[in-house]
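Let's take a walk through a protein structure together. Keep the 3D view open beside you and turn it as you read.

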Amino acid sequence: MQVAVYSSSSYCSALTPHLFMASNSKPKTKLITRGCGPSSSYKKKKKKKVLCQIELKPPPYPTNALEPYISRESLEYHWSRHHRGHVHSLNKQIAGTDLDDMPLEDIILTSYNKGHFLPSFNHAAQVWNHDFFWQSMKPGGGGRPSGQLLQLIERDFGSLERMLMELKAAASTQFGSGWAWLVYKANKLDVGNAVNPLPSEKDNKLVVAKTPNAVNPLVWDYSPLLAIDVWEHAYYLDYEHRRVDYVSTFLEKLVSWEAVSSRLEMAMQRAAKRAREEEKKRMEEDDMIIGDKKAMEVYLNSDEDSETE
Ligand SMILES: [Fe+2]
């Protein structure tokens with residue numbers, strides 16, 4: 001019997017029991033939760049720090065819900081071995097450091113360190129990537145996007161088919177392990193923590209990207225909309241070496257366009273808010289310059305007055 005130990009927050013109480021009761025067979029994994037409240041050892045040793053760190057989130061559907069495209073065995077292995085391993089390792093790495101009180105996104109951006117990764121980057125990014133990946137799929141997924149998402153896809157790629165072709169190519173050609181992404185690119189300038197890979201491209205548009213290992217588009221300040229895990233562990237049990245088949249099945253049968261649409265809406269709202277803030281800042285700076293000029297004119301005029309007295 002496998003044992004899943006959760007190092008988690010109050011989220012533990014909300015962990016979906018269906019995760020391990022999804023199939024017709026008996027659950028293979030026993031769920032043990034460990035909340036972030038004081039443990040028994042904490043009660044005995046009050047100086048010991050209470051860890052309330054990054055949580056292990058389960059997929060938002062039963063582990064057999066993506067069959068026959070992703071098997072229960074593959075999903076349980078992927079989640080309970082790989083995802084859980086990253087959560088466990090990350091929490092060990094950040095315990096007692098400046099990172100252990102940060103939100104996961106901040107840990108990623110801090111530890112990315114302009115491409116010179118700090119030790120916790122890979123595990124932090126992989127935790128985020130997997131959380132995002134599970135939400136990118138749904139039982140009965142696939143089909144065609146609609147609404148504003150489809151409009152922007154057609155605006156920025158010419159057609160849905162063209163976008164899917166680029167995304168499949170990115171996922172298939174990512175050398176070794178990594179991720180393929182559809183992202184909303186709201187910046188055309190270099191960002192603080194990394195060099196924007198497409199600085200000359202028009203901003204506020206959809207783009208396809210691929211990243212090696214654990215890297216994700218958050219480090220470029222892009223807004224990820226869709227992720228495809230192309231690490232071999234994501235597909236080998238079901239597709240062996242046939243990554244192309246796995247990617248095609250993902251896009252035809254599993255992708256949740258509803259999740260992508262929802263993320264796009266949030267990304268555009270975020271970009272619009274930033275644009276308003278930047279415009280306000282620019283206007284305030286202009287007002288300060290005008291104010292300084294007027295003050296200088298008054299000062300100069302006062303000099304002239306004093307000379308004529
Ligand atoms: Fe993975």
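**Around the iron ion**

Start at the iron ion, where the protein donors are His 78 (NE2), His 130 (NE2), Asp 229 (OD) and His 233 (NE2), at 2.0 to 2.1 Å from the metal. Keep in mind as you look that this is a predicted model. Which arrangement do the 4 donor atoms around the iron ion make? The angles they subtend run from 92 to 130 degrees, so the arrangement is tetrahedral. For comparison, the ideal angle for four tetrahedral donors is 109.5 degrees.

Now trace the donors along the chain: their spacing reads H-x51-H-x98-D-x3-H. His 78 belongs to helix H2 (residues 72–94), while His 233 sits in the loop between strand S5 (223–229) and helix H7 (236–239), so this pair ties together parts that are 155 residues apart in sequence. Both His 78 and His 233 are buried.

**Rings in company**

Next, turn to the aromatic side chains. The whole structure holds 12 aromatic pairs. One of them joins Tyr 235 and Tyr 246, which are stacked, with 5.0 Å from centre to centre and 20 degrees between their planes. Tyr 235 is in the loop between S5 and H7, and Tyr 246 is in helix H8 (residues 243–254), so to speak 11 residues along the chain from its partner. Like the two histidines you just met, Tyr 235 and Tyr 246 are buried.

You can also find an aromatic cluster made up of Trp 128, Phe 132, Phe 133, Trp 134, Trp 179, Trp 181 and Phe 250. Pause at Phe 132: over the face of this ring lies Arg 263, 3.6 Å from the ring centre.

**A buried glutamine**

Now look for Gln 53, in the loop between helix H1 (40–44) and H2. Is Gln 53 buried or exposed? Its relative accessible area is 10%, and because buried means under 20%, Gln 53 counts as buried. Leaving aside residues up to four places away in sequence, Gln 53 touches Asn 91, Ile 94, Ala 95 and Asp 100.

**Two strands side by side**

Finish with a pair of strands. Strand S3 (residues 178–185) pairs with S4 in the antiparallel sense, over 8 bridges. To see the two strands facing each other, find Val 183, which stands opposite Val 207 in S4. How many residues of strand S4 (residues 205–212) are buried? The count is 6 of its 8 residues, making S4 mostly covered.

Conventions. Residues numbered from 1 in each chain as written. Predicted model: local features only at pLDDT ≥ 70, side-chain atom pairs only at ≥ 80, totals over all residues. Heavy atoms only, no water. Donors = N, O, S within 2.8 Å, 3.2 Å for Na, K, Ca; no water. Tetrahedral: all angles 85-135°; square planar, octahedral: opposite > 155°, others 65-115°. Helix = DSSP H or I, 4+ residues; strand = E, 2+ residues; numbered from the N terminus. Buried < 20%, exposed > 50% of the residue type's maximum accessible area, 1.4 Å probe, protein only. Phe/Tyr/Trp six-rings, centres within 6.5 Å; stacked < 30°, edge-to-face > 60°. Lys NZ or Arg CZ within 6 Å of the ring centre and 35° of its normal. Contact = heavy atoms within 4.5 Å. Pairing = 2+ DSSP bridges.
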